[in-house]
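User: I'm new to this one and would like to know how its labels are earned. Could you take me through it one question at a time?

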Amino acid sequence: MNEDLSPLRDPDNHQPLKREGEELVSPSGHRYPIVNRIPRFVPSENYASDFGKQWQMFTATQLDSHTGIPMSEERLARCFAGALEQVRGRRVLEVGSGAGRFTEVLLKYGAKLDSFDYSDAVEANALNNGDKGFTLAQADIRAMPFELDSYDFVVCLGVLQHTPDTEASIAKLWEMVRPGGRLVIDHYRWNLWLRLPPPLGNAEKFYRRIMLALPPRRRWSAVKKLVDFWFPIHWRFRKSKWAQRALARISGVRFYHGVFPLDSRERHYEWSLLDTHDGTTDRFKRFRTVGSIRNTLESLGADNIQVWKGGNGIEASCTKPIPARVR
């Protein structure tokens with residue numbers, strides 16, 4: 001990671017920060033600790049704490065360099081309309097890095113990258129990508145410690161649906177895009193299958209209520225017991241679409257055989273455990289339609305708006321207009 005922390009700003013007032021030992025200090029007197037080489041602008045315990053613990057347990061699971069399959073790169077390239085080369089030498093802000101699956105790809109393509117996550121997942125990202133030149137911080141999408149209107153690309157994938165307010169979060173992202181720059185996002189899509197109670201819809205929502213009612217220290221073991229019971233049944237009937245549809249209505253386990261080209265039972269189990277934990281312990285789970293995401297981007301005054309079904313549900317891209325010169 002970069003030892004030069006000059007891209008960072010005080011999230012309260014966007015003043016430049018000066019390093020004093022293991023703290024960053026603003027002219028107004030605010031102090032932010034640096035822990036394990038990572039500046040921290042939020043408490044370690046927050047609404048995304050379960051995600052942080054998750055990514056520290058599954059540090060490399062979703063990285064293309066670990067799987068040998070370019071799933072993260074293909075997803076990112078699709079969101080960039082197949083032109084990832086655009087990021088080379090450009091300023092990119094990655095919002096919600098997780099363990100660094102997209103960090104790895106953006107750095108591979110030569111982005112001048114600043115990245116952050118709300119949770120302790122930054123520890124996993126530092127382990128995976130810390131030998132590369134980029135700025136990494138632990139911070140809040142609602143108060144980002146970076147300069148406003150300064151990024152050629154702002155990328156936020158797999159995040160917005162887990163924030164307290166989707167529209168407010170998108171508006172905050174928009175503040176970081178420079179005129180002429182581009183915003184790239186995705187979001188869970190609203191559909192009836194996700195809203196109906198089991199057995200009419202999927203069972204994840206039922207188990208999610210149970211997991212969130214448990215004390216945080218018990219959630220991981222409860223999710224693992226759930227997956228350890230149902231995964232062998234999913235695997236036994238992995239070639240039957242009808243069996244998988246039936247199991248989705250009762251098991252609450254995410255299962256990707258025939259969806260992701262993972263090369264072994266062990267890899268499938270690892271992804272099922274990771275994503276079932278992800279889907280049943282998230283504090284916030286929002287759903288939007290293609291139309292509602294488009295309306296939000298239009299309300300911000302975006303140009304070149306593209307919104308489509310894909311990936312996690314909805315993917316979108318737009319650009320910030322360059323103001324006409326005042327004559």
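User: What makes β5 and β6 a pair?

Analyst: The bridges do. β5 and β6 run parallel and are joined by 5 of them. Two strands pair if DSSP finds at least two bridges between them, so 5 is enough. One of the links is V95, whose bridge partner in β6 is F116. The names themselves come from DSSP runs numbered from the N terminus: helices are H or I runs of at least four residues, and strands are E runs of at least two.

One thing to keep in mind: this is a predicted model, where local features need pLDDT of at least 70 and side-chain atom pairs count only at pLDDT 80 or more, while totals for chains, interfaces and linings use all residues. Residues are numbered from 1 along each chain as its sequence is written, and side-chain values use heavy atoms, with hydrogens and water left out.

User: What is the hand of the β-α-β crossover from β5 to β6, and why is it called that?

Analyst: The chain leaves β5, goes through helix α4 (residues 101-108) and arrives at β6, and this crossover is right-handed. The name applies if, with the strands pointing away from the viewer, the path from the first strand over the helix to the second runs clockwise. β6, helix α5 (residues 121-129) and β7 make another right-handed β-α-β unit. β6 and β7 also pair in the parallel sense, over 4 bridges, and F116 has A137 as its bridge partner in β7.

User: Why does I305 count as buried?

Analyst: I305 has 17% relative accessibility. Buried means under 20% relative accessible area (exposed is over 50%, partly exposed in between, with a 1.4 Å probe and protein chains only), so I305 falls in the buried class. I305 sits in strand β10 (residues 303-310).

User: What is I305 in contact with, leaving aside its neighbours within four places in sequence?

Analyst: R294, L297, E298, S317 and C318. Contact here means heavy atoms within 4.5 Å. C318 is 13 residues along the chain from I305, yet their C-alpha atoms are separated by 4.4 Å.

User: How do you know that β10 is an edge strand?

Analyst: Look at the sheet first. Its 7 strands form an open sheet in the order β7-β6-β5-β8-β9-β11-β10, with mixed pairing. β10 pairs on one side only, and so does β7 (135-138), which makes these two the edge strands. From one strand to the next, the twist averages 10°. β10 joins strand β11 (residues 313-319) by 6 bridges, and the two run antiparallel. K309 and I314 of β11 are bridge partners.

Helix α3 (residues 71-79) packs on this sheet, touching β8 (151-156), β9 (177-188), β10 and β11, and its direction makes about 50° with that of β11. Such angles lie between N-to-C directions and run from 0 to 180 degrees; the axes are lines fitted to C-alpha atoms, for helices over the stretch in contact.

User: How do you know that β8 is mostly covered?

Analyst: By counting: 6 of its 6 residues are buried. Strand β6 (residues 112-117) is mostly covered too, with 5 of its 6 residues buried. β8 pairs with β5 in the parallel sense over 3 bridges, and is joined to β9 by 5 bridges, again running parallel. C156 has I185 as its bridge partner in β9. The chain goes from β8 through α6 to β9 in a right-handed β-α-β crossover.

User: What makes an empty space count as a cavity?

Analyst: Being closed off. On a 1 Å grid over the protein atoms alone, a cavity is a set of points where a 1.4 Å probe fits but cannot get out. A search of the whole structure finds 1 cavity of 30 Å³ or more. The largest cavity holds about 30 Å³, where volume is the space filled by probe spheres set on the points, and points are joined across faces, edges and corners. E94, V95, G96, F102, V155 and L157 line this cavity; to be a lining residue, an atom must be within 4 Å of a point.

Technical notes. On a 1 Å grid over the protein atoms alone, a cavity is a set of points where a 1.4 Å probe fits but cannot get out, and a pocket is an open set with protein on both sides within 12 Å along at least five of seven lines; lining residues have an atom within 4 Å of a point.
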